[in-house]
Amino acid sequence: MIYFPSLFPDEILYSAFSRYHRDSGNENHKLTMEDLFGDTQVCASLLFPSHLTSLCDRMPPGSLYSPEELIIYHTFLPYYAPFISDKRYLEMKEIMKSGKGTSAYMQIGKPASTVKTQQGLRYCPTCVIRDREIYGEAYWHRSHQADGVFVCHYHPNALITTNVTHTKQRNKHEYVSLEIILKNEDLQYNPVPPQSFNILKFIAEQTNLLLSSSWNPLGLLKLNRFYVSKLQHMGLANHTGRIRWADLIPAFNLFLGKELLTELQSHIELSQEATWLHKLLRKPRVTCHPLRHLLVLGFLGETIESMTNQISDYKISYEPFGKGPWPCLNKAANHYKDPVISSCEITRCSKTGMPVGTFSCSCGFVYSRKGPDQSNDDRFKIGRIKNFGEVWNEKLRIISQQDISLREMSRRLGCDPKTVISRLSDSKTVISSAVDQESMRYKEEWKKLISSNSELSVTELRKLNQSAYTWLYRHDRTWLHEHSPVNRKSIKKRERINWEERDHQIAKEVQLAANEILYGKSDKLIRVTKTEIGRRIGKLPLLFKMLHKLPETAKQLNVVLETVEEFQKRRINLKAVELMNTNAIVKRWELIRVSGLRKKFIEIHHDVIDDLTVT
């Protein structure tokens, strides 16, 4: 070539080839292919053009373009780069440099993707005006051709779809420039719903960011960990990474809107399993379309840049209580509020599903709180004290001998006054005279209550004097149990089971269930097994665990149960009858096919098959 057009910013390589074809004056597109690649069989690929090494070799002397530069700045590989493996990324580069372009789409997974490529190249009318002012002509922008991009990332308006398609071309070697299309008045304007504009703007901006930078593959496992950690912070996954799908899917659909998700071929029903979202958030085994990664990022409130930074800085672990060490909150210890606790055991709250952290100090003080922490001040909060420890107990013993009030004791120890009273009672330590008098008063009230109501139970007595019972239960439970009436509840005897009668009844039910499996109306053939019978009669545990007490049932099961060979023989006969109803002659190969037999079973049943068929 003696001439090759200069490439414009964000211009897709297809656009440059179309401008070359227009300026070269070639009447036949195959002549353009010969000029560009030295091969008339090369196809006009939009996303992943190949033969780029041959193209650069044929460019005019002094050309500064290299295959690497063309791939990064003028093809769609950077759009997919963060979401595929390193190996696949390098393979894609080699495919695009060489002449094996037919396998590029297979490598990236486009044929298998449920996000089907949108028909018709698109352009922004405002960009057309701007490009003509700056560069002298309009051209196809790479960022406007990505799936899910309906608005311009640079101008706040919708894109216009043309009739130039790169998926169903009549001439697979054809290149069409934007300036030629602009002369055609038959253009399709895509209106954008106002409620979806912000999300579509986000998709367009993130798509442009993907295409305008050189990204390296992030790794499927790192992407998965990043998404799950964000869901954990949102309360949509527990501390182990188990996702709460019943909460996530409705929240995801509500945020993005059913109409938009349907338009983007990404809507998910709550009843569906193994959807693209399940595959993306579970153990990563397959790649996912970049558009769907952008939808998830929008829902999480993240961007490509923030995700990349956090993954590169290793900030993707879920730490609901921050990084250790954590402070000891034992007011009786010298290291109070010092970060001396090195381990945090995380469990799940059975009521709310939120993480619960348990912190154990060497002084014996153990406390827990519900997370996740919302601020740094939460590190100094206690939800529940699980163990006070020896240091705390020793401080309690010392200050209980001092002439200070109960409230002052509780303030120094960092607990409730009732806790101080309870711990003093449990440790047999001398309590203040005021507390002692209160204890004696409640004990006298309880004794009088029992003596005047000897026929009542503890529950009935408690209703008559709730305050006395509660105080004694909290502060002197041992005394309360010793001075309460004995529970006189009679233990109801278990009714004896008539196993003989039950055996007779279940045996009948087994026979009926077997007949239903064999002769009932069902679209699917089912083998007569103990498990299937047990499910149908609702007595599966009895058939497996108590069969030794059911001799008649066991005998009946031996009669009706089918072996694998018997079931296969029954299936062959039934399939033969079905074929006879439609065909005059039943052929051997046809019966084997509809019976679904494996090779090793065909030989076992060859006599049955031969009797029912002709060769």
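Helices and strands, as named in this tour, are DSSP runs numbered from the N terminus, a helix having at least four residues and a strand at least two. The model you have open is a predicted one.

**Two cis peptide bonds**

Begin by selecting P325, whose place is in the loop between α16 (304-312) and β4 (326-327). If you display the backbone here, you will find that the peptide bond joining G324 and P325 is cis, with omega at about 0°. Then move along the chain to the loop between β8 (366-370) and β9 (384-387), where P372 lies; a cis peptide bond, again with omega at about 0°, joins G371 and P372.

**A strand residue and its contacts**

Return to P325 and select P339 as well, a residue found in strand β5. Leaving aside residues up to four places away in sequence, P339 touches P325, W326 and P327. For a sense of scale, add L13 to the selection: the C-alpha atoms of P339 and L13 are separated by 58 Å, and the two residues are 326 apart along the chain.

**Two residues with positive phi**

Next select K337, in the loop between β4 and β5 (339-341), which has a positive phi of about 70° although it is not a glycine. Is K337 buried or exposed? Its relative accessibility is 41%, and because buried means under 20% and exposed over 50%, K337 counts as partly exposed.

Now go to H51, in the loop between α2 (29-37) and α3 (52-58). H51 is not a glycine either, yet its phi is positive, at about 60°. With a relative accessibility of 14%, H51 counts as buried.

**The cavities**

Rolling a probe the size of a water molecule over the atoms shows where empty space is left. The structure holds four cavities of 30 Å³ or more, and the largest cavity has a volume of about 80 Å³. To see its lining, select F83, L220, L223, N224, Y227, K279, L280, P284, V286, T287, C288 and H293. Helices α11 (220-233) and α14 (276-281) each supply at least two residues of this lining, with α11 giving the most, at four residues. By class, the lining residues of the largest cavity divide into eight nonpolar, three polar and one charged.

The last stop is the second largest cavity, with a volume of about 50 Å³. Of the eleven residues that line the second largest cavity, those to select are L47, F76, Q145, A146 and D147, the closest to its centre. The lining of this second largest cavity divides into five nonpolar, four polar and two charged residues.

Technical notes: Residues are numbered from 1 along each chain as its sequence is written. This is a predicted model: local features need pLDDT of at least 70, side-chain atom pairs count only at pLDDT 80 or more; totals for chains, interfaces and linings use all residues. Side-chain values use heavy atoms; hydrogens and water are left out. Buried means under 20% relative accessible area, exposed over 50%, partly exposed in between (1.4 Å probe, protein chains only). Contact means heavy atoms within 4.5 Å. On a 1 Å grid over the protein atoms alone, a cavity is a set of points where a 1.4 Å probe fits but cannot get out, and a pocket is an open set with protein on both sides within 12 Å along at least five of seven lines; lining residues have an atom within 4 Å of a point. Grid points are joined across faces, edges and corners, and a volume is the space filled by probe spheres set on the points. Ala, Val, Leu, Ile, Met, Phe, Trp, Tyr, Cys and Pro count as nonpolar, Asp, Glu, Lys and Arg as charged, and the others, Gly among them, as polar.
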